[in-house]
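Here is a walk through one protein model, meant for someone who has not seen it before. Please keep the sequence and the 3D view at hand while reading.

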Amino acid sequence: MDWLERMKSAMDYIETNLADNILYDDIAQIACCSTYHFQRCSSFNMGYFPGAAM
């Protein structure tokens, strides 16, 4: 699974679980990276931090 597929899986998880308490650590695990790396890459990929969508 490449980087974009992992990020898409993480974004799908966020969209599916918006009503729940979502932790950056859980999303980063789905994306197979550290929490720090996920936050930096997702803001670059989406143009905003995932926390803004949650």
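The paragraphs below go from the overall fold to confidence, the core, and then a few single residues.

The model is predicted. Its protein chain has 54 residues, and the secondary structure consists of four helices and zero strands. Read from the N terminus, the order of elements is therefore simply α-α-α-α, with helices counted as DSSP runs of at least four residues. Of the 54 residues, 28% are buried. The surface that the chain exposes comes to about 3700 Å², and carbon and sulfur atoms supply 54% of that area. Among contacts with a separation of 6 or more, 51% join residues that are 24 or more positions apart in the protein chain.

Before looking at details, it helps to know how far the coordinates can be trusted. The mean pLDDT of the protein chain is 81, and 76% of the residues reach 70 or more. Confidence is highest in helix H2, where the mean is 92. Helix H4, which covers residues 50–53, has the lowest confidence, with a mean of 54. Where pLDDT is low, the predicted coordinates should not be read in detail.

Next comes the interior. In soluble globular proteins, nonpolar side chains tend to be buried together. In this model the largest nonpolar core has 10 residues: Met7, Ala10, Met11, Ile14, Ile22, Ile27, Ala28, Ala31, Phe38 and Cys41. At least two residues of this core come from each of helix H1 (3–16), helix H2 (24–30) and helix H3 (35–46). H1 provides the largest share, four residues.

Helix H1 is worth following further. Tyrosine 13 is located in this helix. Is tyrosine 13 buried, partly exposed or exposed? With a relative accessible area of 26%, tyrosine 13 is partly exposed, because a residue counts as buried only under 20%. Setting aside neighbours within four places in sequence, tyrosine 13 is in contact with Ile22, Asp26, Ile27 and Ile30. For one of these partners, aspartate 26, the C-alpha atom is 9.5 Å from that of tyrosine 13, and the two residues are 13 apart in sequence.

Glutamate 5 also lies in helix H1, and it is partly exposed at 45% relative accessibility. Its C-alpha atom is 8.4 Å from that of alanine 31, although 26 residues separate the two along the chain. Alanine 31 is itself one of the core residues.

The model contains one salt bridge. Which residues form it? Aspartate 12 pairs with lysine 8, and their closest N and O atoms are 3.1 Å apart. Both residues sit in helix H1, four residues apart, which is about one turn of the helix. Aspartate 12 is partly exposed, with a relative accessible area of 33%.

The last stop is a pair of cysteines. Cysteine 32 lies in the loop between H2 and H3. Its phi angle is near 60°, a positive value in a residue other than glycine. Cysteine 32 counts as exposed, at 55% relative accessibility, whereas cysteine 33 is partly exposed, at 22%.

A disulfide is a covalent bond between the sulfur atoms of two cysteines. How many disulfides does the whole structure hold? A search finds zero. Why does cysteine 32 not form such a bond? The closest cysteine sulfur to that of cysteine 32 belongs to cysteine 33 and is 7.6 Å away, so the distance is too far for a bond. The cut-off for a disulfide is a sulfur pair within 2.5 Å.

Notes: Residues are numbered from 1 along each chain as its sequence is written. This is a predicted model: local features need pLDDT of at least 70, side-chain atom pairs count only at pLDDT 80 or more; totals for chains, interfaces and linings use all residues. Side-chain values use heavy atoms; hydrogens and water are left out. Buried means under 20% relative accessible area, exposed over 50%, partly exposed in between (1.4 Å probe, protein chains only). Contact means heavy atoms within 4.5 Å. Accessible areas come from the Shrake-Rupley method with a 1.4 Å probe; for residues, only the protein chains shown count as cover. A nonpolar core is a set of buried Ala, Val, Leu, Ile, Met, Phe, Trp, Tyr and Cys residues joined through side-chain atoms within 4.5 Å. pLDDT is the predictor's confidence in each residue, from 0 to 100. A salt bridge is a side-chain nitrogen of Lys or Arg within 4 Å of a carboxyl oxygen of Asp or Glu.
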